[in-house]
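Let's take a friendly walk through this model together. Keep the structure open beside the text, and turn it as each stop comes up.

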Amino acid sequence: MLRTSLAAPPSPPSPPDARRRWSILAVCALSMFLVGVDTTIVNVGLPEIGHGLAVGTHGLEWVVDAYTVVLASLLVVSGALADRWGRRRVFRCGLLVFGLASLACALAPSLGVLVAARAVQGIGASMLSPVALAIVVNAMPDPRERARAIGVWASVFGLSMAAGPVTGGALIAAFGWRSVFWINVPVVVMALVLVAVFVPESRAARARRLDLPGQVLLTALICLVVGVLIEGPRIGWTSPAAVAGYALVTAAATGFVLVELRRDEPLMDLGLFRRPPFATAVLGATAVFVALNVSLLLNTLYLQHTRGWTPLESGAATLPMAVGATLCAPWSGSLVARLGPRRPLILAGVFTTAGGLCLTNLGQHTSVPLILLAHLLIGVGFGFANAPLTNTAVSGLPSSRAGVAGAITSTARQVGAAVGIAVAGGLVAGTDPSGFAAASRPGWLLVSGCGVFLLVVARASQPAPAVTSHDVPGRSRD
């Protein structure tokens, strides 16, 4: 008995061996593929969904943004819950919710039901995105191996975002628009089995308390911003309803900042944004996804409404974007591991800017090779951007908060996606096919502006030591 009582406490579990580590990455990447695909796969099917449910372009924006808004709102709290309750447990729960919501989307009889089911899909996806990255970071203790793994993870995520329209176009051509939701079900079942076999349970050494006031205010803020952007063209930017919306956005933003600054364990540690590399990485992630989603939505509507292309043809037109993203994302991860984030971010900025500039004079008869070139350039920029942005953001937070590290970056991405859809939809809402090309030109200028901003991010993205709890004012040590 004495020997037992004096025994040393059990040591923490050792990291998995190399083969298992990369198996864990593969499983997490598969699940992340679901999240990324569902952010963009619906874009190419919007005209078909509109015909099937008898709704116009304005209502269709919510089919995309109901998913991205809920996803963006809940990512941080999902990461914190995973750190507290177990990352594998939350991950599996997210897969189950996502799969059931996909079934509801596939069976939706009306626009309202579809939008509600898409919101529930966003709840499930919020339990996948930050938790997948946290599981990968936890399994890869070596910084160089972790950088390569993040490059692969970013490559799969980038491929999913860019390949969504291609996949959606093929499915819609063969089986109709509901198939873009049915396809999720077997993938979710397979992912659940693989997670049970390969992914170990992990938690943060010290989990944070939940910040419910902060969560409510963050959700309200994101919903209000996106809602004003979507509804603004319809109600008028200077109407009393719009002015009330601006006031509510200001109140929600002010309340969120005040609540977060006063809490010992906030939902989002605002002190971290005082560090230029971290702050610019988060803003850069937002800009990248604004550019991508503006490009995808404008491409879909232009090619189908103005040029009369089928969903399959308009989805195939984004194939150069998918190829560019897929090829350049792992290359970007390798560059980050060897040279740091600055060079791939410069490449991302240059290519994104060039892609947007190609279409700033878009017309009804713009040559197809120029359109394909623009998509290729934007895809290359997207591929180069994700790994350095993710690596910079994750490296800037304590390792014990890996879930929150991934969540903040993922939140920025999804906010960018939601804003991009809202802005692009607002530019062309109610426009007839003959005037669509001219109405979309400011959107392509916005894409170029996002590329220029990435050059600013590159200038600020210098390697920085990892943050510890005592680096942030007002924080106790983990």
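With a relative accessible area of 44%, Arg 203 is partly exposed. Keep in mind that we are looking at a predicted model. You will find Arg 203 in the loop between α10 and α11, the latter spanning residues 212–235. From there, look across to Ala 134: the two residues are 69 apart in sequence, yet their C-alpha atoms are 10.0 Å or less from each other in space, at 9.5 Å.Ala 134 takes us into helix α7, where it is one of the buried residues. How many of the residues of helix α7 are buried? The answer is 10 of 11, so helix α7, which covers residues 129–139, is mostly covered. Among the buried residues are Ser 129 and Pro 130, followed by Val 131, Ala 132 and Leu 133. Ile 135, Val 136, Val 137 and Ala 139 are buried too.

Back on the α10 side, find helix α10 itself, made of residues 184–198. Val 193 sits in this helix, and together with Val 189 and Val 197 it makes a nonpolar surface patch of about 260 Å². Why might residues with such spacing share a face? An α-helix has 3.6 residues a turn, so residues three or four places apart point the same way.

A patch of another kind comes next. Arg 144, Arg 148, Arg 338 and Arg 343 form a positive surface patch. Arg 144 belongs to helix α8, residues 143–175. Is Arg 144 buried or partly exposed? Its relative accessible area is 45%, so Arg 144 counts as partly exposed. That value also passes the threshold for patch members, because a patch takes residues with over 30% relative accessible area.

Now turn to some pairs that are separated in sequence. Ser 110 lies in the loop between α5 (87–107) and α6 (111–126), and it is partly exposed at 30% relative accessibility. Its partner here is Ile 49, 61 residues away in sequence, with 10.0 Å between the C-alpha atoms.

Thr 352 offers a buried counterpart: its relative accessibility is 5%. This residue is part of helix α16, residues 342–358. The C-alpha atom of Thr 352 is 9.4 Å from that of His 375, which is 23 residues away along the chain.

Leu 283, in helix α13 (residues 276–306), is partly exposed at 48% relative accessibility. Its C-alpha atom is separated by 8.9 Å from that of Arg 413, and 130 residues of chain separation go with that distance.

We finish with the cysteines. How many disulfides does the model have? The count is 0, because a disulfide calls for a pair of cysteine sulfur atoms within 2.5 Å. Cys 93 is partly exposed, with a relative accessible area of 38%, whereas Cys 450 is buried at 8%.

Key: Residues are numbered from 1 along each chain as its sequence is written. This is a predicted model: local features need pLDDT of at least 70, side-chain atom pairs count only at pLDDT 80 or more; totals for chains, interfaces and linings use all residues. Side-chain values use heavy atoms; hydrogens and water are left out. Patches are made of residues with over 30% relative accessible area and no salt bridge: like charges are joined within 9 Å, nonpolar side chains (Val, Leu, Ile, Met, Phe, Trp, Tyr) within 5 Å. Accessible areas come from the Shrake-Rupley method with a 1.4 Å probe; for residues, only the protein chains shown count as cover. A salt bridge is a side-chain nitrogen of Lys or Arg within 4 Å of a carboxyl oxygen of Asp or Glu. Lys and Arg count as positive and Asp and Glu as negative; His and the chain ends are not counted. The place of a charge is taken as NZ of Lys, CZ of Arg, CG of Asp or CD of Glu. Helices (H or I, at least four residues) and strands (E, at least two) are DSSP runs, numbered from the N terminus. Buried means under 20% relative accessible area, exposed over 50%, partly exposed in between (1.4 Å probe, protein chains only).
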